[in-house]
Amino acid sequence: MDAPAALRHRRSRRDWFVDTAMFVLAVAFGLYTSVERLHTSPLPPAWLFSLDQAVSMLGCAALWLRRRWPVGLAVTLVALSAVFEMIASPMLAALFSVAVHRRPRTSGTVFALSVVAAVVFTCLRPDPDMSPLALLTLGLALQGAAVGWGLFVHHRRRLVLAQRDRAARMETEARLRAEQAQHQVREAIAREIHDVLGHRLSLLSVHAGALEFNPGADPADVARAARVIRESAHQALQDLREVIGVLRAPTAEHAPTRPGLPALADLEELVAESGRAGMRVELCDDLGVREAAVPDRTGRTAYRVVQEALTNARKHAPGAAVRVRVTGAPGEGLTVEVVDDAPATAPEAAGGGHGLAGLAERVTLVGGRLEHGPAGPDDGGPNDGGPDDGGPDDDGPGGWRVRAWLPWPA
């Protein structure tokens, strides 16, 4: 026998207790039947009495094999019960074992064989002190009780196993939900850090580049640039602390009330900050006083769209003029459009594009749409005076455009 099979058939303490109890009960029932027959009269023919006792003891000993071969043992004892009377006790135990350890269909088949064996026994060895119908009824009642009890135990065990499996599945699902929530938090942290640090570090790069390419600059200009670099680095760390603090909030609905998150009203400061870094940025805000009615999540997403677009323009199209336009109304949605006048500002062409992919995911999460790509000559670029107006930008490429539509409930 291989090791897995030996482990499968190894009895626990409970199994040893149950098997011993069933063996003792079968032996006791057989001895009681034997003593009772000695005081009355054995069933005819009388010479079968001694053989009946021997077969009964062998049947009781065979009960120790009921866990390994329940069906084979039950069928053998059922067949013997058609001739021998005292084999009834181990046969009932075998019927119980089949009902517990095998499918109900198998148990029903073995029970049907036991019914046939009971009929045969009633015909072959009638009891002179009991009518055949009463003897058959008693035998069927005992066999039915053994099988019924076994089926009850079988279904109860299956119910317990099903409950354990369900509990294990629920635990696994809970663990998967927790892992998914952690993954979503990591993604949110990555998006916020990308937005915040990408903007701040691009400003640092601009000012540091100015110092590098102008080593002979006036000391006052150098000091001013160094101060801007120091302030930008400090602000980047502060923004990072605020972002992580917001993402550690107990619930998502608490996040908009936490300090430090940008809003649509902060666009002017964002544009001014980019202007101090040397960019030519024009803000066209058509909302006016309606900015206060924009939902916090929508306004924050619009801010991130402009921030990412300005960061990409600063990285991939230095010196380009940029126009930021914000339009919309309650019930129609909020539209944010950022267009520059440089012909080669595509982040994908410059080896980037991951920021735009994350931005598209952010916009989709709030139910909006994001478009980005080359702008036409009349798409509202910084130098565009209108459709076919003969402006300097009408005959050349329109630069790069990022446009987002965000929901704004009425």
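Trp16, Phe23 and Trp64 come together as one aromatic cluster, and this is a good place to begin looking around the model, which is a predicted one. Two members of the cluster deserve a closer look. The ring centres of Trp16 and Trp64 are 5.9 Å apart and the ring planes meet at 50 degrees, so this pair counts as tilted. If you trace the chain between the two, you will find Trp16 in helix H2 (residues 13–39) and Trp64 in the loop between helix H3 (48–62) and helix H4 (70–81), so the pair links distant parts of the chain, 48 residues apart. How covered are these two rings? Trp16 is partly exposed, with a relative accessible area of 46%, and Trp64 is also partly exposed, at 27% relative accessibility.

The structure holds three aromatic pairs, and another of them is made by Phe96 and Trp149. Here the ring centres of Phe96 and Trp149 are 4.7 Å apart with the planes at 45 degrees, so this pair is tilted. Phe96 belongs to helix H5 (residues 88–101) and Trp149 to helix H7 (residues 132–213), so the contact ties together parts that are 53 residues apart in sequence. Are the two partners buried or exposed? Phe96 counts as buried, at 13% relative accessibility, whereas Trp149 counts as exposed, at 54%. One further ring to find is Trp69: Arg68 lies over its face, at 5.6 Å from the ring centre.

Now let us step back and take in the whole chain. It has 11 helices and five strands, and 39% of its 410 residues are buried. Among contacts with a separation of 6 or more, 76% are between residues 24 or more positions apart. The chain exposes about 22900 Å², and carbon and sulfur atoms supply 61% of that area.

Next comes the interior. In soluble globular proteins, nonpolar side chains tend to be buried together. In this model the largest nonpolar core has 29 residues, and Leu264, Val306 and Leu334 are those with the most contacts inside it. Helix H9 (267–276), helix H10 (296–316), strand S2 (321–329), strand S3 (333–340), H11 and strand S5 (400–406) each give two or more residues to this core. H10 provides the largest share, seven residues. To see how the parts meet, pick out Val306: leaving aside residues up to four places away in sequence, it touches Leu267, Leu270, Val324, Val336 and Val338. Apart from this core lies another, of 20 residues, including Met91, Val110, Ala146 and Val147.

Strand S3 is worth following residue by residue. How many of the eight residues of S3 are buried? Eight of the eight are, so the strand is largely enclosed by the rest of the structure. Gly333, Thr335, Glu337 and Val339 point one way from S3, while Leu334, Val336, Val338 and Asp340 point the other way, and all of them are buried.

S3 also has strand partners. With S2 it pairs in the antiparallel sense over eight bridges, and Arg323 stands opposite Val339 in that strand. The hairpin of S2 and S3 has three residues between the strands, and there Gly331 takes a positive phi near 90 degrees. S3 pairs with S5 in the antiparallel sense as well, over six bridges. Val339 appears again here, standing opposite Arg401 in S5.

Two threonines round off the tour. Thr301 is found in helix H10, the helix that gives the largest share of the 29-residue core. Thr301 is buried, with a relative accessible area of 5%. Not counting residues up to four places away in sequence, its contacts are Arg362, Val363, Val366 and Leu406. Thr364, by comparison, has its place in helix H11 (residues 354–365). Is Thr364 buried or exposed? At 53% relative accessibility, Thr364 counts as exposed, because the cut-off for that label is over 50%. The C-alpha atoms of Thr364 and Trp405 are separated by 9.9 Å, although the two residues are 41 apart along the chain.

Notes
Residues numbered from 1 in each chain as written. Predicted model: local features only at pLDDT ≥ 70, side-chain atom pairs only at ≥ 80, totals over all residues. Heavy atoms only, no water. Helix = DSSP H or I, 4+ residues; strand = E, 2+ residues; numbered from the N terminus. Buried < 20%, exposed > 50% of the residue type's maximum accessible area, 1.4 Å probe, protein only. Contact = heavy atoms within 4.5 Å. Areas by Shrake-Rupley, 256 points an atom, 1.4 Å probe, with all protein chains shown as cover. Core = buried A, V, L, I, M, F, W, Y, C linked by side-chain atoms within 4.5 Å. Pairing = 2+ DSSP bridges. Phe/Tyr/Trp six-rings, centres within 6.5 Å; stacked < 30°, edge-to-face > 60°. Lys NZ or Arg CZ within 6 Å of the ring centre and 35° of its normal.
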